[in-house]
Amino acid sequence: MTTKLFGEPVRRREDARLIVGKGRYLDDIGHNALAAAFVRSPHAHARVVDIDVEGALDVEGLVAIYTYDDLTGPMAEPLPVLIPHPQLTAPRTGYSLAYEKVHHVGEPIVMVVATDRYIAEDAAERIVVTYEELPAVVGVDAAHEARHAVHDDVPDNVSARHHQETGDVEPALAASPHTLTFTQYIERSASMPMEGRGVHAHWDADDRSLRVYTATQASTSVRAAIAAKLELSLDKVEVIAPDVGGGFGVKIMHPWPEELLVPMAAMNLGADVKWSEDRREHFISSAHERQQKQEITVGFDDDGRLTALDVVVWHDNGAYTPYGIIIPIITATQLIGPYDIPVYRVRVDSVYTNTVIVTPYRGAGRPQACYAMERTMDRIADVLGLDRAVVRERNLIQSSQFPYDAHLTFQDGRPVVYDSGDYPGLMAKLKDLVGWSGAEELRDDATARGKLLGVGMAMYVEGTGPGPYEGGHVQVLGSGKVLVATGLTSQGQGHETSFAQIVASELGVPIEDVEVTTGDTRRFPYAVGTFASRAAVMSGNAIALAARGVREKALRIAADVLEASPDDLEIEDGVVQVKGVPGTSIPLRTVAVLSNPLRYAFDEAAKQATQFTSHDDSKPPVAPGDAPGLEHRDYYSPLRSTFASGAHAAVVEIDPATWEIDVVKYAVVHDCGNVVNPMIVEGQVHGGVAQGVGGALYERMAYDSDGQLQNASFMDFLMPYASEVPDVVIDHQQTPSPLNPLGIKGAGEAGVIPGTAAIASAIEDAVGRRITSMPISPTELYDLMRNPAAERTAASAGRAENGVLA
C-alpha cells in the first residue's frame with residue numbers, strides 16, 4: 001500500500017460544498033410534497049379515551065387524518081425490539097400511533113397530512129383528544145420504588161437485569177484490607193444535532209416502488225423495517241440518507257414512527273409526503289440518554305491496588321426498550337477501563353419511567369462507566385492520601401498483558417478482549433501535557449487571584465468497530481474517475497475525505513479522482529449503520545479490501561498488455577507501470593476500458609475494447625470466474641471489536657463569589673491505532689470534548705414529578721458555546737490493532753467519554769467537597785458549599801486549615 005495519503009492531514013473535501021449552502025439535507029427535498037404534522041401527548045401517562053377529529057375536517061387544505069384505528073397489518077403491531085437479549089425479560093415498545101395509552105409526553109397519537117406544514121399544524125390543533133390521566137413514574141428512584149407501574153404487566157418497572165462477573169466478589173471484598181461503598185448519580189441528557197429528524201417519501205404506483213429519504217444513521221435497516229411494516233418486497237424499497245446535519249446517536253434509533261407513517265401516507269394518497277421535526281418535537285419525542293444511579297463497593301490494599309469491585313447500576317431506559325439493553329451492556333463492560341481488576345461483578349437493572357425513550361447518545365453508556373470507575377479511583381486516592389495518578393498507575397494493565405481478556409461479553413455478543421494498547425504510556429503523556437506535577441503552583445496562582453483551582457483526570461477504554469459487517473464497492477471508470485460506495489451513513493464525520501484517502505492510497509490514484517457515496521441503498525444495499533465509532537474500522541477496512549481487489553485485477557489486465565508479470569507492476573498517480581521503467585506504462589483509465597470487452601464503441605477510448613482489436617484468441621473475452629468492469633465489492637467482518645483508549649485531564653477555576661465553573665485547560669491523549677487522517681481525528685476529539693463539557697456542566701433534561709420536561713427549548717436547555725469550550729491540547733499515541741488490515745480503531749466518541757469524570761474530579765479537587773452527582777451547576781455547587789453536611793475530601797483538610805477553603 002502506498003502511504004502518501006493514508007495518515008496525512010488532508011482537508012475535508014465535503015466542507016467546501018457544505019459551508020456555502022450547497023448541501024442537500026432532508027428539508028431541501030420535496031418542496032411540493034404534502035406535509036405531515038402530529039398530535040402528541042401532553043401527558044406522561046394517560047389512557048386515550050376519545051379522539052375527536054370533527055373540528056379539523058373543514059380546514060381548507062386538509063388531505064388526511066390518521067389514528068391508530070387506520071393502521072392495518074404489521075403497522076398495527078408494536079414497533080420492533082431491535083436488539084433482543086436473553087436478559088431483556090420484559091421488553092416493551094410503542095406503536096406508530098398510540099394504542100389505548102400513552103407512556104410519555106410527546107408520544108404521537110394522530111398524524112395529519114395537508115397541503116403544507118402550516119395547514120397541517122392548524123388542523124392538528126383542532127383535534128380534541130380526551131385523556132384519563134394515570135400516575136407518572138419519573139427517575140430511577142421512583143422506578144425502583146415501584147409505587148406505580150409504567151406498564152401494567154411490569155409491576156416492578158424492571159425491563160432487564162443484566163449481570164456479569166469475573167469471580168466471587170463477596171469473599172474478595174471480605175479479604176480486602178480496605179473497602180469503600182458509595183452512591184452517585186449521572187443525570188439525563190440528549191443529543192442536539194443541528195438538523196432534527198425528517199422523512200420524505202415518494203410512491204410510484206405503476207412500479208409499486210417506494211423511495212424514502214430520511215435523516216438516519218442506518219439507511220439499510222430503515223429500508224428493511226419499511227419493507228416489513230408496509231408489506232413490500234425489499235427490492236421495491238429504496239432508502240437514501242442525504243446530507244445529515246449531525247446524528248450523535250439519536251438517528252441510529254429506527255424505525256421511528258414517522259419513518260413508517262410518512263411512507264404509508266405516501267402510498268395511501270399517491271402523493272409525495274414529507275415531515276421535518278421541529279425543535280420541541282426533538283426534545284419531547286426523540287431519544288435521551290445518560291441517567292443512572294450507581295452503587296459502588298470497592299476493595300483495595302494499602303498501595304491502592306484494587307482487589308475487588310462490585311457495582312449495582314439503576315439505568316433509566318425511558319418508556320420503552322426498542323434498542324434493547326445495549327447501553328447497560330456497554331456500561332457494564334466498559335466500566336473496568338484500562339485497569340487490571342482481579343474480581344469484578346456488575347448488575348444493571350434497566351427500569352421503565354414515563355419519559356422519552358433512552359437510546360445511544362455519543363458515548364452510549366461509556367461516559368457513565370468512566371464516571372463510575374474514575375470516581376472510584378479518586379476516592380481510593382483520597383482515603384489513602386495518595387496522588388490520584390499514582391493510584392491509577394498501580395492498577396493499569398501493562399503492555400505485556402495484551403491481548404487482555406476481561407472475561408466479559410460486549411455489546412456485539414463477543415468477548416471483551418483488549419487487542420492492543422499502552423496505558424502507562426497514555427498516563428505519562430497526559431501528565432506531561434497538562435502539567436500534573438505543577439498543579440500546586442497553578443493553585444497558588446489562582447488563589448492569589450481569588451479563584452479556586454482544581455485538576456482532575458480520567459482514563460478510559462472504548463470498544464469500537466463492532467460487527468457484524470460493513471461492505472465497500474470500488475469501481476474505476478473509463479474516464480479515470482473512481483467511484484466508492486458503502487452502505488454506512490455520514491453525519492459530518494468526514495467520510496468523503498477519509499474513505500477517499502484509503503482508496504487513493506490503496507489504488508495509487510489522485511484523491512481528486514475519487515468520489516465517495518454513503519448511505520444510499522441504491523448504490524450499496526447491505527450495511528449495518530454508523531454508531532459505536534465503527535465507520536473507519538468497518539467501512540474503512542471493507543473499502544480497502546475492495547480497492548485491493550480492483551488493484552489486483554488492474555495489474556493482471558495491464559500485465560497482459562505490457563507483457564510483464566503483475567508482480568513487476570505498480571500503480572502511481574493513476575498509471576500502471578513497470579517498476580523502474582516509467583515509460584512502459586498504461587493509464588488506469590485505459591485498463592478500465594479494457595476490463596469490459598465490447599461489441600459496440602461509443603467513443604475513441606471504447607474502440608480499444610471492441611472485438612476486432614488485437615486479442616488472444618485462445619482465451620474467452622471474459623475469463624472464467626471473472627466479470628466485466630474494473631470493480632470489486634468486498635466486506636469486512638471482524639472477529640470481535642477493537643479497543644481504543646485515552647486519558648483526559650481538566651483544569652478548572654471557580655469563582656467563590658458566584659461559583660461559576662470555568663474549564664481553563666483540557667488535555668487529551670488518544671490512541672485509535674493507525675490514524676487515517678489526524679486532522680479529522682482531532683476534529684472529532686474537539687467536538688467530543690465540547691459535548692463532554694456540556695454533559696458535565698450544562699446539559700440536563702429536567703423532568704418534574706409529573707413527567708413534564710421543564711426545559712424543552714434552547715432558551716432553557718443549556719449547551720456550551722464556543723466561549724465555554726476550553727482550549728484543548730492533544731497528543732496521539734498509536735498502537736495498531738492486529739484485528740483488521742489497516743490496524744485502525746474507532747475515534748468518533750473518544751472526546752466525550754471521560755469529560756464528566758475528569759471535570760468532576762477537578763471540581764472536587766478545587767472545592768474539597770465530594771461531588772456525587774453530575775452535571776453540576778453553579779447554583780448546585782453554591783448549595784453544596786453552604787451545606788454543613790456535605791462530605792469533605794481528606795485532601796482538602798490541609799487547605800481548609802490554611803484558610804484556602806472556608
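# Notebook: loops, helices, rings and a pocket

I began with Ala532, which lies in the loop between strand 21 (514-518) and helix 14. The model is a predicted one. Phi of Ala532 is near 55 degrees, a positive value in a residue that is not glycine. I then checked its exposure: Ala532 has 9% relative accessibility, so it counts as buried.

**Entry: helix 14**

I went on to Ala536, which belongs to helix 14 (residues 535-562). Is Ala536 buried or partly exposed? Its relative accessibility is 30%, so I put it down as partly exposed. I looked up its contacts, leaving aside residues up to four places away in sequence, and found Phe499, Asn541 and Ile744. I also took the C-alpha distance from Ala536 to Leu742, which is 9.4 Å, although 206 residues separate the two in sequence.

**Entry: the second largest pocket**

I noted a volume of about 940 Å³ for the second largest pocket. It is lined by 27 residues, and those closest to its centre are Asp560, Leu594, His615, Asp616 and Pro621. Which element gives the largest share of the lining? I found that helix 14 does, with five residues.

**Entry: other positive phi values**

I looked at Glu100 next, in the loop between strand 3 (62-66) and strand 4 (101-102). Its phi is positive, near 70 degrees, and the residue is not glycine. Glu100 has a relative accessible area of 48%, so I list it as partly exposed. I found a further positive phi at Glu231, just after helix 5, with a value of about 55 degrees.

**Entry: helix 5**

I stayed with helix 5 (residues 219-229) and counted its buried residues. Eight of its 11 residues are buried, so the helix is largely enclosed by the rest of the structure. I wrote them down as Ser219, Thr220, Val222, Arg223, Ala225, Ile226, Ala227 and Lys229. What covers these buried residues of helix 5? I found strand 10 (209-214), strand 11 (237-240) and helix 6 (257-269) among the elements that do.

**Entry: cis peptide bonds**

I found a cis peptide bond between His254 and Pro255, with omega about -15 degrees. Pro255 sits in the loop between strand 11 and helix 6. I found another cis bond from Phe402 to Pro403, where omega is near -5 degrees. Pro403 is placed in the loop between helix 10 (388-395) and strand 16.

**Entry: aromatic rings**

I looked up the aromatic pairs, and the structure holds 13 of them. I took Phe410 and Phe643 as one example: their ring centres are 5.6 Å apart and their planes stand at 50 degrees, so I class the pair as tilted. What does this pair tie together? Phe410 is in the loop between strand 16 (404-409) and strand 17 (415-418), while Phe643 is in strand 26, so the pair links parts that are 233 residues apart in sequence. I noted both Phe410 and Phe643 as buried.

I then turned to Tyr418 and Tyr423, an edge-to-face pair with 6.3 Å from centre to centre and 80 degrees between the planes. Tyr418 is at 0% relative accessibility and therefore counts as buried. Tyr423 is buried too, with a relative accessible area of 0%.

I asked myself which residues form one aromatic cluster. I wrote down Phe402, Tyr404, Phe410, Tyr418, Tyr423 and Phe643. Phe402 had already come up in the cis bond to Pro403.

**Entry: charges over rings**

I looked for arginines over aromatic rings. Arg197 lies over the face of Trp256, and I noted 4.1 Å to the ring centre. I also found the charged end of Arg379 over the ring of Phe182, at 4.1 Å from its centre.

**Entry: helix 18**

I ended with helix 18 (residues 778-786), whose buried residues are Leu781, Leu784 and Met785. Why do I place them on the same side of helix 18? They cover an arc of only 95 degrees around the axis, which puts them there. The general rule I had in mind is that an α-helix has 3.6 residues a turn, so residues three or four places apart point the same way. I then looked up what covers the buried residues of helix 18, and found strand 26 (642-655), strand 27 (660-671) and helix 17 (755-767) included. Strand 26 had come up before, as the place of Phe643.

Notes: Residues numbered from 1 in each chain as written. Predicted model: local features only at pLDDT ≥ 70, side-chain atom pairs only at ≥ 80, totals over all residues. Heavy atoms only, no water. Buried < 20%, exposed > 50% of the residue type's maximum accessible area, 1.4 Å probe, protein only. Helix = DSSP H or I, 4+ residues; strand = E, 2+ residues; numbered from the N terminus. Arc of directions from axis to C-beta. Contact = heavy atoms within 4.5 Å. Phe/Tyr/Trp six-rings, centres within 6.5 Å; stacked < 30°, edge-to-face > 60°. Lys NZ or Arg CZ within 6 Å of the ring centre and 35° of its normal. 1 Å grid on protein atoms, 1.4 Å probe; cavity = no way out; pocket = protein on both sides within 12 Å on 5 of 7 lines; lining within 4 Å. Points joined across faces, edges and corners; volume = space filled by probe spheres on them.
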